[in-house]
Number of protein chains: 2
Amino acid sequence: MHDIRVGTEDVFKRQIELASRNYKLFQDHGVRAFNAMGAIGSGKTLLILRLAERLKEKGVRVGAIAGDVAGDDDFRRFSDAGLVAANLNTGDDCHLDAHRVGHALESFPLGDVDVLFIENVGNLVCPADFPLGTEGDLVVISVTEGDDMVRKHPKMFAQTDVLAVNKVDLASFVGVDPMALVDDYRRLNPHGKVVLTDAKSGRGADELLAALGL
Amino acid sequence: MHDIRVGTEDVFKRQIELASRNYKLFQDHGVRAFNAMGAIGSGKTLLILRLAERLKEKGVRVGAIAGDVAGDDDFRRFSDAGLVAANLNTGDDCHLDAHRVGHALESFPLGDVDVLFIENVGNLVCPADFPLGTEGDLVVISVTEGDDMVRKHPKMFAQTDVLAVNKVDLASFVGVDPMALVDDYRRLNPHGKVVLTDAKSGRGADELLAALGL
């Protein structure tokens, strides 16, 4: 992202200030918030829905903010599933930032949720540079994206708390070994947690909740 | 991409100037250049390789510039397949721009190729704002990315010359109807050409060459 270099370090600093403000807001409301990132079509929305189903069974109230360049497809999926949801369109921007999220939170009923998933714009590059003020990051990749996915994006994965390698049930069809992705991730980020998931079947959802500390 | 708003309209203008310079360079060398865009894992590299195989059979000399944030996986695939290839890492940037491509062209043997594919960074948002000076755009999407892919990115698809809906052989496994993507595209871009492809099997490659006028 070269945009954040234009205005010198002030832009970085401002982003961190705004993220800290969101962080405090989450804390004040006792909300555990997560920034869900990943490329387009990696399966972020469905995976969040699977986590939400399980959390609901435990009596945990789940909210979601759907970040997209345009449209409200993901918002409607969250909303139809009974989540407290908001839609956040960025127009041309390729990522959410703390400022936009802060505005969305102004009208979001934080008192009605215990866990909030903020689904970032589908993009594996730009969101890495913009902290939102969440307590944790979840990055979702799909085996259909190829086995060079992780090593092509060292920055994103080096700072990821939890990685979900999704659509593992398709691995044999696309000829990709999920463990190659896991190995690349461990090299970049020895302390990160990684879970193999298949959002369609629900596989790995419980392990993913545990990895997120939920 | 909000970076290009920071420096007022000068940045836009500068991009177009630099793109025009590349365009002229391609014309001077009789090179037909294409900007291949699409999300991570959509299958851009393999599809370009399939097109190159067919062009080679016709005696057409093919080159490729592999744009990525990091690494040289795609460059090596091009190079191993015998294409005149160059690697272009953007560091943190989520897209190529005319300036970077211009520098890559300084050392690229344009006299040795007839057709040049410039594979942009895997990202369906940012590259839409940065013309490279190519004569045409090819956007590759994969059915594995979901059936809401096109309508989530109106800007990219409204200006696309040719769309390849790739990995169609996986459509039934992921439960996505390729024709829904085609319909969304036609609504956004009635004059664009669209081809169903499967880079692994080579399906649709001849039709894609025809759509590109090659």
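A residue is called exposed if 12 or fewer other C-beta atoms lie within 10 Å of its own, and buried if 20 or more do. The structure described here is a predicted model. Chain B superposes on chain A by a rotation of 180° with 0.0 Å of shift along the axis, at an RMSD of 0.0 Å. This is the relation of a two-fold axis. The predictor assigns the complex an ipTM of 0.78 and a pTM of 0.87.

**Confidence in the model**

- The average pLDDT of chain A is 93, and 96% of the residues score at least 70.
- Residues 1–6 of chain A are an exception to high scores, since their pLDDT stays under 50. The model nevertheless has 18 contacts beyond four places in sequence for residues 1–6 of chain A.
- Where pLDDT is low, the predicted coordinates should not be read in detail.

**How the two chains meet**

- The contact between the chains involves 34 residues of chain B and 34 residues of chain A.
- On the side of chain B that touches chain A, the elements giving two or more residues are α1 (3–6) and α6 (154–158) of chain B.
- By character, the residues on that side of chain B comprise 15 nonpolar, 9 polar and 10 charged.
- Of the interface residues of chain B, 100% are also interface residues in chain A, so the copies meet through the same surface.

**The nonpolar core**

- The largest nonpolar core holds 140 residues, and within this core A:I118 and B:I118 touch the most other members.
- Apart from residues up to four places away in sequence, B:I118 touches B:A33, B:F34, B:N35, B:A36, B:I65, B:G67, B:L96, B:V101, B:L132 and B:T134.
- One of these partners, B:V101, belongs to helix α5 of chain B.

**Helix α5 of chain B**

- Helix α5 of chain B spans residues 98–106, and its buried residues are B:A98, B:R100, B:V101 and B:L105.
- These buried residues cover an arc of only 160° around the axis, which puts them on the same side of α5(B).
- The other side of α5(B) carries B:H103 and B:E106, which are exposed.
- An α-helix has 3.6 residues a turn, so residues three or four places apart point the same way.

**Residue B:V101 in detail**

- B:V101 counts as buried because 28 other C-beta atoms lie within 10 Å, and the cut-off for a buried residue is 20 or more.
- When neighbours within four places in sequence are left aside, the contacts of B:V101 are B:N22, B:L96, B:I118 and B:L132.
- B:L88 is 13 residues from B:V101 in sequence, and the C-alpha atoms of the two residues are 8.0 Å apart in space.

**Lysine 167 in each chain**

- A:K167 is not a glycine, yet this residue has a positive phi of about 55°.
- In chain A, the residue A:K167 lies in the loop between β6 (162–166) and α7 (171–174).
- A:K167 is buried because 32 C-beta neighbours are found inside 10 Å.
- B:K167 likewise has a positive phi of about 55° although this residue is not a glycine.
- The position of B:K167 is in the loop between β6 (162–166) and α7 (171–174) of chain B.
- B:K167 is also buried, with 32 other C-beta atoms within 10 Å.

Terms used
Residues numbered from 1 in each chain as written. Chains lettered and ligands numbered in written order. Predicted model: local features only at pLDDT ≥ 70, side-chain atom pairs only at ≥ 80, totals over all residues. Core = buried A, V, L, I, M, F, W, Y, C linked by C-beta atoms within 7 Å. Contact = placed C-beta atoms within 7 Å. Helix = DSSP H or I, 4+ residues; strand = E, 2+ residues; numbered from the N terminus. Nonpolar A, V, L, I, M, F, W, Y, C, P; charged D, E, K, R; others polar. pLDDT = per-residue confidence, 0-100. Least-squares fit on C-alpha atoms with pLDDT ≥ 70 in both. Arc of directions from axis to C-beta.
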